[in-house]
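Colleague: I'm new to this one. Could you show me how to read a few of its features?

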Amino acid sequence: MAMPLQPRRRITRQQRRGSWGWMAGGLGVIAFLVWSGTADTLSAAEGPVDDGSDHWAFVAPERAELPPVGASGSGHPIDRFLDARLTAEGLEPVAAADRATLLRRVTLDLTGLPPTRDDLGAFLADTAPDAYDRLVDRLLASPAYGERWGRHWMDVWRYADWHGRRHVPDVWNSAPQVFRWRDWIIAALNADTGYDEMVRCMLAADELHPGDRDAGVATGYLVRNWYALNPNDWMRSTVEHVGKAFLGLSTNCAHCHDHKFDPFTQEDYFRLRAFFEPMGLRQDRLPGEADPGPFQPYDYSVLRRVERRGTVMVYDRAADAPTWFYTDGDERNRDLARGPVPPGVPAFLARGRQPPIEPISLPPPAFNPILDERLAAAFRADAVAAIEAAHRSLEEVHPLDDGVGLARKTAAAAALGRATAALVSLDARLAAERLRYGSAPPDQVVAAAEAATAAERRGAEQSALETLLAAEGVLATARAKPETDPARQAEVVAAATTIEKALGAVEAARGAAMRPADGAYTRIAAAYPATSTGRRAALARWITDRANPLAARVAVNHVWMRHFHEPLLSSVFDFGRAGAAPSHPQLLDWLAVEFMENGWRMKPLHRLIVTSVAYRRASAEPSTAGRAESGGAASVGKDPENRLLKRMNVGRMEAEVVRDSILHLAGTLDRTIGGMELENAVALTTFRRSLYYSCQPEEDGRSPFAAVFDCADAGDCYRRSRTIIPQQGLALANSELVHAASAKIAGVLWAGLPAEQQDKRGAFVTAAFEHLLGRAPQDEEMAACLDWLGAEGRGPAEHLEPVEPEVRRAGLVRVLFNHNDFVAIR
Amino acid sequence: MPNNEAGQRLTRRGLLAAGPRAGLGLGFGALALESLLCDAQPALAAPAGARAKSVIWVFLSGGYSHVETFDPKPALNAHAGKSYDKTPFDNPVNSPLHRKRFRSVPAEEINVRDVYPIIYPMQVGFAPRGRSGIEISDWWPQLAGVVDDLCFVRNMWTTDNDHAAENQIHTGRHRLDEPQPSLGAWASYGLGSLNENLPRYVVLGGPTRSDTRQSIDSLYLGPQHAGVPFAIDPANPLPFGRRQAAQSARQQRDEFDLVARLGAIAAAEHPHDAELRARIRGYELAYRMQAAVPEAVGFTDETEATARLYGLDVEATKLAGERLLTARRLVERGVRFVQVFPSPYGVWDSHQKLKENHTRLCATIDLPITGLIRDLKARGLFDETLVVFCTEFGRTPGLEQRGGGVDGRDHHPNGFTIWLAGAGVKRGHVHGATDELGYNALGDGHYVTDLHATVLHLLGLDGRKLEVPGRRRLEMDHGEPISDILV
């Protein structure tokens, strides 16, 4: 579809500088848009070439000097940057959060699961000065960390399970094995693999770690964008989201025209695409699983099956695949006269140094997977098992005198012959494959290939023979029927026809076996080009290079946003000129440099952030009435959005966390890690963590429960939305999930109270608050709950429906699930 | 998150009215939070210039044939059996419009959709109806009686020549372009609520299939603006809308009361927490919605005459009748946008046996849709409700010959007919035309977003002002209101 923007003259660099001044002054992008769109302030493009060097984000970050220790008295680098701004604005930070609040905050933050009442008791009892640091270490070491942050990165990297026409089913998008990429993300995070290495693997594991299937599944990032019907759509999604996810560049804007704000031309768009142009998908068998066969290509008239076995990964299919420049966003409008566009990164980021692209010679097992010994062994094991099965069948058939038994025995013997010949054929072909890419003399290679051909033909002959003898068995069985059997005649005729055909096949197979072996045997598994273009490896290295101005900033901003519930730069996928200005540019750069110099490892970054004083502050605004002396009254007015972080922001559980927390607190969460995704239809009756349920843009790509709590939009989720809608209340009040959990929790808490407890109901209220909200009730809350529950010695308030005490207690737990402070993270 | 003092709360309409500068510094979070902060205010008067309070958008999935419903083409009968190039008319396939309005989702190297050049005659008669004399086909005997209330647009076009066009007419985007929120989501985003106990955007009978989710989706506008599918089942009309069986109504009321009491304590503790206040309100609304939704989808207070008007007493018309009657009940109760799918996914798709298919299907819709028009008029709702009746594309004037076909038509994005009725549109009016063979919409025609612009305009909205920071849309996404059809 041609959807041109209205023509707008390009802005000169001087004008852009002027606009940047406005933005820094706080007016921001909208004003900029309005202003730049005013025709009379513009002149036609002229002046120096736009090299982007005037825009902060296009220049590599430097580690800024740390400001002096500020108001919070903290020497922590994050606090020094934040304090400097607070002081400059005359704002005073609030005090630290109490320990119970902090425990719940950091536990949810790092693991996506709330602390239980036992966790709370243990943490409050641990008064050692390093108790918090040890807590953080323990949480980061928990496997739940990888699941929690895995889901975050799955948002950014657009994880999507297979979809297309799920009702058929017919796989058009992504792949049914893409869950292995999700599991790779979790494992990589738990192993604290560097972000740079993760990005490189996702873009080019096949080139950088050839032959390593475990790394290869990381290219699920690219597989996810695959679209059966139109390879151009695969390229379009890839270019758009590589730009947004890793570079914070809205590359998609240049699909139809030069970017209106950034020096990213339409030509640059296609140059970026050219890195990916040679890609194809391959499907590899996994040892320990049956052979899924080669990747099923798209055929307009054939359904694509939901294949769960094996891995799907990217490889360079066609080194010479041309990238054509086209107009109006419609790939039919190719500008053939321009010639193919070569790969390259935009000039304003290359700064004269294009990433060097070297073709990569792959080791043989990488492009010919049968040379992987484990895989060869798997195929061999199949063949051996087939022989064993044939043996057993043969032994079970007894040759009786009636002729039928004999025919069956003969057929079984033929089956064994076929299975045996198949193993011989496999071994011969394996031998040929092993010589094929080695240093053996050519005549040996040829001889092995010819031997493989001969063995394969003998296998075919045995197979034809088996068919023939099986048909004779059928014929004997039919003939053995009484003459009066009405079906007999037809069966005899049919069997005779089959035998006739089978005889022909045997003849043909024998004839083929007699011909000179030509060495053109059937490959055991699909093989691929021995050389990869190296384009994606080059791009991946360039993105994760220390000199790249964008990659680390974009990543650090994503991490920061998920800790503080607000990013440092709000347009998380657009760091270009049309994006927002960062609230703390020096801090962002300092963190980016720190991140890179720390091997791009995420756990140290998390630790750095959560051990800052800023992270540990209370989230409440200082009360206007009570704490005017602390500057509170002025504070609310001055920075109402809390951009400067004088206090912590209040977070809200994501959809996954709401469900997982309910299950975790009820003790029913199944902590199994990884595996094939589950259907959302069973999301409320099975208890795996939420990230293991199908996530894709079709109607069944989210559970009804997750849908009302802002679950990931599998198409585009750089930042979750955070809504409050009445259906959330309905879900927490009426879902079976909450009802079952409430009853279970109430029973366990009640049973766990000491029998000699004076006021058992009061203790129950306390226990329920501690377990669900991570804190003890205040006096007023206790009074309200006791009123409702009924204090010792008298029943609940009279206006309430009389119910059994355990029903009432379950009701109280349910009420706390519906309390704002359950889904809120204070 | 904005944390505004009482009396200074931002509303989205406030933001829009104040112009782009008011949007400064508000990220996604702010857009999301406003959902309830905004709803917590009394509903605003209709936007200035609004003609319609509500929209009933009726979509027939599969693509009904324009030349057998609302766009008569005698030339098809006169030249039946000839190929396009053997008629006195320009071969429509050679028109540049053909390529512009005919874009396959599969890449050309994978599949190119055939163009069928042999003219297939109309399978039904047409006659002038009503005082206006507008011709519609004989398969719409009931609708013929209200034709003077309808406004036809006979020069619609879209670009997807396959059924992802169902998403396209709702979102304005071809499958190969980046997705956008649905029209209903934009309406929800732009309008205040008239009844906060019900969602602003309700879907009946949809999405028709798993992969047409986009037709009701809100994407970056946030889930509070996505269409909420209702089942027409008072016992369980929406997910989690029903109490657990083991719990009595009073028990649940007791629990809501305690939630509210604890909420009030928390609100006193956190006087600046706007989200907390919104959530407390959300729980109150949840309780009321639990009662309001079953009431809205139940027909106990409808008369037998009304039931007959919508064909609830006849098996063939019951499904569409129930959905359209519910739509009327919802707009009566203040729902802004009701998206009705009166027939299942793809059923109008008549590659073969078109005559049999359309005869049967028209009979399922004709009475109920006519009943809706008459009912809206009788209740005084016709002047404030816009009814849109549409499909994803037309059908080829040529005979579909795939697989030896002899009696059907293929998909045809190049020209099709929809109609509107009610608030702010002309009555008994025909706008636009296709060429003599019913192939190409003439002139510029109207891409689907012109229809969107028309709907938003009648709701008092300007799509160009419904921009979200960081999500610029294209000129084509906005379209232009079809001014000729407006009163």
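Modeller: Sure, let's go through the contact between the chains, a helix pair and one helix by itself. Keep in mind that this is a predicted model.

Colleague: How many residues does each chain bring to the contact?

Modeller: In general, the size of an interface is often given as the accessible area lost when the parts come together. Here we have residue counts: 78 from chain A and 76 from chain B. On the chain A side, the elements giving two or more residues include α2 (28–36), α12 (231–247) and α28 (736–752). The most comes from α27(A), with 8 residues. Sorted by class, the chain A side has 32 nonpolar, 24 polar and 22 charged residues.

Colleague: At what angle do α30 of chain A and α7 of chain B pack?

Modeller: About 170°, with the axes 10 Å apart. Angles over 145 degrees count as roughly antiparallel, so that is how α30(A) runs relative to α7(B).

Colleague: And which residues meet there?

Modeller: From α30(A) you have A:Glu780, A:Glu781, A:Ala784 and A:Trp788, and they meet B:Leu258, B:Arg261, B:Leu262 and B:Ile265 of α7(B). By class, that contact has 5 nonpolar, no polar and 3 charged residues.

Colleague: Now α7 of chain A: is it largely enclosed or open?

Modeller: Count its buried residues. In α7(A), 13 of the 14 are buried, so the helix is largely enclosed by the rest of the structure. It covers residues 143–156 and reaches 20 Å from first C-alpha to last, close to the 20 Å expected.

Colleague: What comes just after α7(A)?

Modeller: Look at A:Arg158, which takes a positive phi of about 60°.

Definitions and conventions:
Residues are numbered from 1 along each chain as its sequence is written. Chains are lettered from A and ligands numbered from 1 in the order in which they are written. This is a predicted model: local features need pLDDT of at least 70, side-chain atom pairs count only at pLDDT 80 or more; totals for chains, interfaces and linings use all residues. Axes are lines fitted to C-alpha atoms, for helices over the stretch in contact, and angles run from 0 to 180 degrees between N-to-C directions. Helices (H or I, at least four residues) and strands (E, at least two) are DSSP runs, numbered from the N terminus. Angles under 35 degrees count as roughly parallel, over 145 as roughly antiparallel, 65 to 115 as roughly perpendicular and the rest as oblique. Two residues are in contact if their C-beta atoms, placed from the backbone, lie within 7 Å. Ala, Val, Leu, Ile, Met, Phe, Trp, Tyr, Cys and Pro count as nonpolar, Asp, Glu, Lys and Arg as charged, and the others, Gly among them, as polar. The expected span of a helix is 1.5 Å times one less than its number of residues. A residue is buried if 20 or more other C-beta atoms lie within 10 Å of its own, exposed if 12 or fewer, and partly exposed in between; C-beta atoms are placed from the backbone.
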